[in-house]
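Colleague: I am new to this structure and should like to be taken through it step by step. May I put some questions to you?

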There are 2 protein chains.
Amino acid sequence: MTTRSISPNMALDQLIIERKARGEDILHLGFGESRLPVFPALIERLMAGAKNSAYGPVVGGLAARRAVAGWFDRRRLPTDPGQIVLAPGSKPLLMALQMSLPGDLVVPRPAWNTYVPQAVALGKLVHPVPIPEACGGVPDPALLRGVVEDARAAGANPRIMILTLPDNPTGTHAPPALVRELCALAQELDLVIISDEIYRDVLHDPREPFLSPAEIAPERTVVTTGLSKNLAIGGWRIGAARFPEGPLGEDIRAAVAAAASEVWSNLAGPMQEVAAYAFDEPPELTEHIARSTRLHGIVARRAHELLVKAGGACRPPTGAFYLYPDLEPIRDALAEHGVTDSASLEHRFLEHTGVAVLGGHHLGDLPQALRFRIATCQLYGPTEEAQQQALDAADPLQLPYVSQALSRWEESLVRLFC
Amino acid sequence: MTTRSISPNMALDQLIIERKARGEDILHLGFGESRLPVFPALIERLMAGAKNSAYGPVVGGLAARRAVAGWFDRRRLPTDPGQIVLAPGSKPLLMALQMSLPGDLVVPRPAWNTYVPQAVALGKLVHPVPIPEACGGVPDPALLRGVVEDARAAGANPRIMILTLPDNPTGTHAPPALVRELCALAQELDLVIISDEIYRDVLHDPREPFLSPAEIAPERTVVTTGLSKNLAIGGWRIGAARFPEGPLGEDIRAAVAAAASEVWSNLAGPMQEVAAYAFDEPPELTEHIARSTRLHGIVARRAHELLVKAGGACRPPTGAFYLYPDLEPIRDALAEHGVTDSASLEHRFLEHTGVAVLGGHHLGDLPQALRFRIATCQLYGPTEEAQQQALDAADPLQLPYVSQALSRWEESLVRLFC
């Protein structure tokens with residue numbers, strides 16, 4: 001068999017769900033799933049779409065593609081519906097892109113845990129480039145050229161670069177100047193850019209400048225997005241991609257549509273109705289997304305404060321709902337408890353403090369580094385009611401569940417040493 | 001790019017939809033989509049599942065897997081829910097199986113048009129074996145050993161055999177004796193069997209014996225199925241696979257779950273609720289499926305009669321909703337009109353008679369053969385109301401739309417020569 005274990009974040013999620021079902025008391029920060037109630041209008045649209053039982057176009061129906069195109073239009077990326085492909089999540093689109101684009105893959109290190117296994121399953125080589133000091137989701141431009149040139153000198157063929165803007169796992173996003181620099185390098189090194197912007201609407205400060213590589217290197221950038229993160233409906237599986245205008249873009253789009261027709265046929269009809277509504281951004285939905293993002297930011301920043309107070313290093317979060325701490329500053333103290341790498345750190349968190357985190361080695365990071373990811377979106381509450389309260393609260397940090405969960409996170413950083 | 005054109009049946013469907021939208025009068029028999037209204041209880045279940053917005057297990061939730069296991073139990077295949085994986089259609093499951101199973105692919109010729117492109121995208125070699133005289137969906141056992149041994153002698157490594165029971169494109173199904181013979185050969189030649197049984201509940205005569213290879217070679221057979229065909233909800237994308245008990249089966253299942261976690265994450269939560277209901281086979285749904293299948297059989301048999309009357313050869317349909325005619329008996333007459341292969345035949349049907357058919361070359365058949373597929377499920381009517389009438393009618397052949405559409409099919413066989 002080619003691969004034998006499921007995605008490490010999903011495997012951890014299933015393990016923790018099983019252990020909690022057996023009565024264990026675990027604070028599960030290991031899985032990047034926004035836990036918020038489904039916005040009621042989305043359920044109405046799902047119902048309205050129930051009669052869409054025909055296959056329809058592989059790329060998605062015109063209404064849904066028009067809505068996605070409009071979503072990009074409003075983000076300084078004028079888009080024709082013909083440039084859009086919808087799919088059951090952005091994951092299959094990323095797979096189809098890797099099936100369609102020739103050459104090997106350049107990824108930031110660390111990166112979301114699916115890019116690399118997709119490449120490996122397709123026989124591609126992977127060239128990781130460490131992220132810069134300031135933010136994750138992108139290769140350090142100072143190192144990118146060297147990695148690509150060395151790889152080419154060794155006979156490999158890096159031709160695709162994935163950027164995650166904002167980033168999972170670091171919860172940060174690359175500033176415009178860095179994006180420009182990377183676009184120039186992509187041009188020079190002839191790399192196609194896949195810009196994974198699924199967290200674009202989860203930028204904590206809406207005034208923060210965001211630049212898509214598709215604005216700077218439009219002819220070579222494919223953007224992927226979806227509704228899983230901003231609307232907390234990961235389980236509904238709704239994703240979309242925007243392809244460049246022009247001949248290269250049309251070639252890639254056609255190849256992805258071909259792959260789509262052989263792998264998933266189409267996004268389910270009822271889900272297309274949801275997409276047509278949500279990507280159209282009616283005011284009530286925009287307001288809901290803004291409230292959700294505000295909550296993500298408040299809780300992530302507090303979790304970050306606690307981590308820093310406990311002696312960990314960590315980039316301050318600016319987007320998504322993650323922290324990616326580095327416990328290098330307290331390596332010696334951890335070593336006394338047998339923790340010497342991210343696997344033993346993940347293990348000690350779970351077995352000794354009851355907190356599930358995802359070790360950096362699962363995200364392609366150096367195994368000996370003491371880095372890991374926590375998903376702060378898991379701190380809002382176990383029930384729909386608690387989650388709704390967190391969403392509605394003027395100060396969610398004062399809510400009993402949220403404050404207890406944050407205290408538990410804080411204590412876990414002490415209990416690592418007990 | 002690896003592939004450049006979408007699945008030929010989907011491409012034809014999109015072309016015909018566009019031409020009809022421009023006002024052309026085309027009888028579209030080119031696409032295998034059952035056109036029947038969605039059964040109301042399925043819509044209720046979709047609504048009930050709307051709150052399932054979390055990712056949940058990659059393989060599907062326990063309730064849905066339990067229902068699918070029960071569906072197999074009632075078909076002489078005792079099944080534990082742990083042997084089941086759900087997905088957005090059986091197409092991604094077939095892709096994940098080909099990603100997971102080592103070795104090259106043996107397929108019947110002709111075969112459904114997705115097996116081969118999936119294999120090619122994954123770098124597998126494909127070894128087609130002609131189907132027997134009596135039915136399609138399976139390699140002729142008299143030829144199978146020779147093809148596999150020749151391939152191995154030439155350095156290839158055929159290790160997977162796909163069977164389609166009942167078959168798309170021929171609308172027939174292999175009798176038990178033939179299935180037994182193929183299972184023995186699979187054992188002898190060490191081939192894993194993928195048994196695509198998505199049309200299993202569309203067997204025209206319910207008394208007709210059906211044998212799954214999983215009953216005869218249980219340790220080496222994976223069965224795929226779904227709700228697209230029996231319930232006419234292809235656009236909802238609900239599929240499932242049953243893996244063998246035992247170590248080989250568990251290895252394959254784990255590898256497919258791993259591929260699933262990297263390609264599609266999970267079947268959408270609301271669709272899992274639909275699956276839990278439908279695979280449980282409540283009496284009202286079984287009755288609905290029986291009525292649908294009766295309609296498929298009546299119309300397919302009538303279309304077959306008309307074809308034979310016009311001088312074509314064709315296996316009598318016994319399952320699904322297709323005919324796969326062979327116009328070899330009237331080759332000379334067709335040659336006078338420039339029709340010498342299945343591409344020119346498909347073209348003449350569309351441009352000269354206004355009937356869209358799918359040429360056999362798209363299904364892996366020999367290009368010079370005068371064979372093509374028609375989807376008789378397209379003959380029930382263009383509106384939900386007409387389709388419901390066809391479903392309810394004691395004699396659907398008497399309904400105005402159905403009888404006119406069948407007449408148009410009959411006339412097209414004459415107009416080929418005008």
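The exchange below deals with domains, the interface of the chains, a helix and salt bridges in a predicted model.

Colleague: How far apart do the C-alpha centres of domain 1 and domain 2 of chain A lie?

Modeller: Chain A is divided into domain 1, made of 8–38 + 285–416, and domain 2, made of 41–282. In contact across the boundary are 34 residues of domain 1 of chain A and 38 residues of domain 2 of chain A. The C-alpha centres of these two domains lie apart by 26 Å.

Colleague: How many residue pairs in polar contact does the rule find across the interface of these two domains of chain A?

Modeller: Domain 1 and domain 2 of chain A bury about 2800 Å² between them, with 57% of it on carbon and sulfur atoms. The rule finds 0 salt bridges across this interface. For residue pairs in polar contact, both at pLDDT 80 or more, the number is 16.

Colleague: Which element gives the most to the side of domain 1 of chain A that touches domain 2 of chain A?

Modeller: The elements of chain A that give two or more residues to this side are α1 (8–21), α11 (283–309) and β9 (322–323). By class, the residues of this side of domain 1 divide into 17 nonpolar, 13 polar and 4 charged. With 10 residues, the element that gives the most is α11(A).

Colleague: Is Asn9(A) buried or exposed?

Modeller: Asn9(A) has its place in helix α1 of chain A. Leaving aside neighbours within four places in sequence, its contacts include Phe31(A), Trp112(A), Leu358(A) and Arg373(A). The relative accessible area of Asn9(A) is 8%, and the cut-off is under 20%, so Asn9(A) counts as buried.

Colleague: How many salt bridges does the rule find across the interface of chain A and chain B?

Modeller: The contact takes 63 residues from chain A and 64 residues from chain B. About 5100 Å² is buried between the two chains, and carbon and sulfur atoms give 61% of that area. One salt bridge joins the side chains of Lys51(A) and Glu384(B), at 3.6 Å from N to O. Across this interface, the number of salt bridges is 2.

Colleague: Which helix gives the most to the side of chain A that touches chain B?

Modeller: Across the interface of chain A and chain B there are 26 residue pairs in polar contact, both at pLDDT 80 or more. Among the elements of chain A that each supply at least two residues of this side are α2 (40–48), α4 (90–100), α9 (247–263) and α10 (269–278). The side of chain A that touches chain B has 36 nonpolar, 18 polar and 9 charged residues. The helix that gives the most, with 11 residues, is α9(A).

Colleague: How many of the 10 residues of helix α10 of chain B are buried?

Modeller: The buried residues of α10(B) include Met271(B), Val274(B) and Tyr277(B). They pack against α2 and α10 of chain A, and also against α2, α3, β2 and α11 of chain B. Helix α10 of chain B is largely enclosed by the rest of the structure, because the number of its residues that are buried is 9.

Colleague: How many residues apart in sequence are the parts that the pair of Arg19(B) and Glu351(B) ties together?

Modeller: Arg19(B) and Glu351(B) form a salt bridge, with their closest N and O atoms 3.0 Å apart. Arg19(B) is buried, at a relative accessible area of 13%, whereas Glu351(B) is partly exposed, at 42%. Arg19(B) lies in helix α1 of chain B and Glu351(B) in helix α13 of chain B, so the separation in sequence of the parts tied together is 332 residues.

Colleague: Which residue forms a salt bridge with Asp205(B), and is that partner buried or exposed?

Modeller: The partner of Asp205(B) is Arg207(B), and the closest N and O atoms are 3.0 Å apart. Asp205(B) is partly exposed, with a relative accessible area of 24%. At 72% relative accessibility, against a cut-off of over 50%, the partner Arg207(B) is exposed.

Colleague: What is the relative accessible area of Glu33(B)?

Modeller: The side chains of Glu33(B) and Arg35(B) meet in a salt bridge of 3.0 Å, N to O. Arg35(B) counts as partly exposed, at 26% relative accessibility. Glu33(B) is buried, and its relative accessible area is 4%.

Key. Residues are numbered from 1 along each chain as its sequence is written. Chains are lettered from A and ligands numbered from 1 in the order in which they are written. This is a predicted model: local features need pLDDT of at least 70, side-chain atom pairs count only at pLDDT 80 or more; totals for chains, interfaces and linings use all residues. Side-chain values use heavy atoms; hydrogens and water are left out. Domain bounds come from an automatic or database domain assignment. Contact means heavy atoms within 4.5 Å. Buried area is the accessible area (1.4 Å probe) that two parts lose on being put together, summed over both. A salt bridge is a side-chain nitrogen of Lys or Arg within 4 Å of a carboxyl oxygen of Asp or Glu. A polar contact is a pair of N or O atoms within 3.5 Å; within protein, one must be able to donate a hydrogen and the other to accept it, and residues adjacent in sequence count only if both atoms are side-chain atoms. Helices (H or I, at least four residues) and strands (E, at least two) are DSSP runs, numbered from the N terminus. Ala, Val, Leu, Ile, Met, Phe, Trp, Tyr, Cys and Pro count as nonpolar, Asp, Glu, Lys and Arg as charged, and the others, Gly among them, as polar. Buried means under 20% relative accessible area, exposed over 50%, partly exposed in between (1.4 Å probe, protein chains only).
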